[in-house]
Amino acid sequence: MNETIAALVATVRDACAERSGTGAVTACADGGWNAGLWAALEQIGITTVAVPEEQGGSGGDITAAVAVLEVLGEYSAGVPLAETALLAGWLIATCGAAVPSGPMTAAIAGPGLRTRREDGGLSVRGTIARVPWARHAHRLTVLDNDQVIVLERGGFTLTRGTNLAGEPRDDLHVDAVVPASQVHGLPAGSPVSVQAFRSRAALARAGLMAGAARRALELSVAYAGEREQFGRPIGRFQAVQQHLAAMAGEVLLAKVAVESAALAFAPRGDADLAVAAAKVVAGETAGVVASLAHQIHGAIGFTEEHALRHSTTRLWAWRDESGNEDAWSEILGRRAVSAGTGGLWPLLTRTR
């Protein structure tokens, strides 16, 4: 982490410490969001991090965006920064259009969405399932083959839903004619593709998970030092120490895997392979850390008021979003098989 990213992370951490405490996170339960924190992040200028400044973004690269997402995951921050910066902002900027301000979300046009050219615009009709933060987004950005469609909030209705952690995951119903000015064609040779979209979404979830796992470890270390049994803190018992050591190892593995995947987005990097590894590692970390953290805390960690459940419910939810370990392991397996006996070692050991 260079000095610029370290300073950015410190600033975001201060904002989260002030505006995303346990009370603020609890207030976001059941589909809410943290508008105060989002305003603070906009003031800092990082809600479009990794989007080029000439397109209205904050500049920086994906390593900076992932470093920020780790902090947001650590604080269970209820804001759509991953969807705004890494997905919607990226799609719009790649088309050469100016990125608007405000929270956004993004999705891939699946078989449930139909588009047709009409005079003055594009007819868009159908449904998109489980779009993150849609009810709070000012705009929805849809990747539809070789074009990017930008829908204003009034251009769709929604059926509210949430993930296990209570974050919005809404089903959208679209029946609109989108003006031509809001339909952008992807340039020739564009890096945008369905797979690239999925890789970015998976990397974002892995970054958030790395932060949430770190928070679960911190809470467990603190609790083990405070809770006493048989006249001494439970952290002095060998079994608890082993649990904490195992958690620390998993947290470090996830962080290294996520940072390595972010670096792989550099030119000529193999991002898909690195992201697959990072999502698998982060998913395994989520399972181990959540399980051991609740064992250390006992029943108290499951209560509505306790901060631990904010981290562990997000770990369980994000583990299954944007492809779980099975899905990304299958991609890793295919890459290993296609590399063959002569190409497997170079595939596993190259750094970019």
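How do the residues of the lining of the second largest cavity divide into nonpolar, polar and charged? In this predicted model, they divide into four nonpolar, three polar and three charged.

## Second largest cavity

About 50 Å³ of space lies in this cavity. Its lining is made up of Cys28, Ala29, Asp30, Gly32, Gly78, Trp133, Ala165, Gly166, Glu167 and Arg314. Within that list, the charged residues are Asp30, Glu167 and Arg314, while the polar ones are Gly32, Gly78 and Gly166. The nonpolar part of the lining consists of Cys28, Ala29, Trp133 and Ala165.

## Largest cavity

The model holds two cavities of 30 Å³ or more. The largest has a volume of about 100 Å³. It is lined by 15 residues, and those closest to its centre are Ala77, Val79, Glu167, Leu208 and Trp318. Glu167 also belongs to the lining of the second largest cavity.

Three helices each supply at least two residues of the lining of the largest cavity: helix H4 (62-74), helix H5 (81-94) and helix H6 (194-226). By residue class, this lining comprises nine nonpolar, two polar and four charged residues.

## Aromatic pair Trp33 and Trp38

Two aromatic pairs are counted in the model. One of them joins Trp33 and Trp38, with 6.2 Å from centre to centre and 50 degrees between the planes. This pair is classed as tilted, because its angle is neither under 30 degrees nor over 60.

The two partners fall into separate accessibility classes. Trp38 has a relative accessible area of 3% and is therefore buried, the limit being under 20%. Trp33, at 24% relative accessibility, counts as partly exposed.

## Aromatic pair Phe230 and Phe237, with Arg232

Phe230 and Phe237 form the other pair, at 6.4 Å centre to centre and with 70 degrees between the planes. Their arrangement is edge-to-face, because the angle is over 60 degrees.

Phe230 is exposed, with a relative accessibility of 74%. Phe237 reaches 21% and so counts as partly exposed, since buried would require a value under 20%. Phe237 has a further contact: the charged end of Arg232 sits over its ring, 4.2 Å from the ring centre. The ring of Phe237 thus takes part in an edge-to-face pair with Phe230 and also lies beneath the charged end of Arg232.

How values were computed. Residues numbered from 1 in each chain as written. Predicted model: local features only at pLDDT ≥ 70, side-chain atom pairs only at ≥ 80, totals over all residues. Heavy atoms only, no water. Phe/Tyr/Trp six-rings, centres within 6.5 Å; stacked < 30°, edge-to-face > 60°. Buried < 20%, exposed > 50% of the residue type's maximum accessible area, 1.4 Å probe, protein only. Lys NZ or Arg CZ within 6 Å of the ring centre and 35° of its normal. 1 Å grid on protein atoms, 1.4 Å probe; cavity = no way out; pocket = protein on both sides within 12 Å on 5 of 7 lines; lining within 4 Å. Points joined across faces, edges and corners; volume = space filled by probe spheres on them. Helix = DSSP H or I, 4+ residues; strand = E, 2+ residues; numbered from the N terminus.
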